[in-house]
Amino acid sequence: MVKCNLSRIMGERRLKIADVARDTGINRGTITRIYNETATRIEIEAIDKLCEYLDIEVGELYEKVQKNSD
């Protein structure tokens, strides 16, 4: 499964969803869904803007992790 690290990154940098939305031009609802990992699709442009804004690579924002077999 794919894990999004946006909430961790934003927490470490003490960023608020509203600030990221304002600064990137990405819809606040979109950022909220990415942050809460409830988004089912994400525009590549949004990922690009987030990576540029946060000065990170895509692999730092998203990572492939083993799914738990619980």
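Helices here are DSSP runs of H or I with at least four residues, and strands are runs of E with at least two, numbered from the N terminus. By that rule, T30 sits in helix α3. The model is a predicted one, in which local features need pLDDT of at least 70 and side-chain atom pairs count only at pLDDT 80 or more, while totals for chains, interfaces and linings use all residues. Residues are numbered from 1 along each chain as its sequence is written, and side-chain values use heavy atoms, with hydrogens and water left out.

## The nonpolar core

Let's start inside. The largest nonpolar core holds 18 residues. Such a core is a set of buried Ala, Val, Leu, Ile, Met, Phe, Trp, Tyr and Cys residues joined through side-chain atoms within 4.5 Å; buried means under 20% relative accessible area, exposed over 50% and partly exposed in between, with a 1.4 Å probe and protein chains only. L6, I31, L50 and L61 have the most contacts inside this core. At least two core residues come from each of α1 (6-12), α2 (17-24), α3 (28-35) and α4 (44-54), and α4 supplies the largest share, with 5 residues.

I31 is a good residue to click on. Not counting residues up to four places away in sequence, I31 touches L6, I17, V20, A21, T24 and I26, where contact means heavy atoms within 4.5 Å.

## How α2 meets α4

The axes of α2 and α4 come within 10 Å of each other and cross at roughly 105°. Because of that crossing, α2 counts as roughly perpendicular to α4. For the geometry, axes are lines fitted to C-alpha atoms, for helices over the stretch in contact, and angles run from 0 to 180 degrees between N-to-C directions; under 35 degrees is roughly parallel, over 145 roughly antiparallel, 65 to 115 roughly perpendicular and the rest oblique.

On the α2 side, D19, V20, D23 and T24 make the contact, and K49, L50 and Y53 do so from α4. These residues divide into 3 nonpolar, 1 polar and 3 charged.

## T24 and N5, two buried residues

T24 belongs to helix α2 and is buried, with a relative accessible area of 12%. Its side chain reaches the backbone nitrogen of I26 at 3.2 Å, a polar contact (a pair of N or O atoms within 3.5 Å, one able to donate a hydrogen and the other to accept it within protein; residues adjacent in sequence count only if both atoms are side-chain atoms). Leaving aside neighbours within four places in sequence, T24 contacts I31, K49 and Y53.

N5 lies in the loop between β1 (2-4) and α1. N5 is buried too, at a relative accessible area of 6%. Beyond four places in sequence, the contacts of N5 are E60, L61 and E63.

## Around α3

At the N-terminal end of α3, N27 acts as a cap: one of its side-chain oxygens lies 2.6 Å from the backbone nitrogen of G29. Within α3, T30 is partly exposed at 23% relative accessibility. T30 and K64 are 34 residues apart in sequence and 21 Å apart in space, C-alpha to C-alpha.

## Positive phi in two loops

Just after α3 comes E37, with a positive phi of about 55°, although E37 is not a glycine. E37 is found in the loop between α3 and α4 and is partly exposed, at 39% relative accessibility.

D55 is not a glycine either, and has a positive phi of about 55°. D55 is placed in the loop between α4 and α5 (58-61), and at 69% relative accessibility D55 counts as exposed.

Methods
Nonpolar A, V, L, I, M, F, W, Y, C, P; charged D, E, K, R; others polar.
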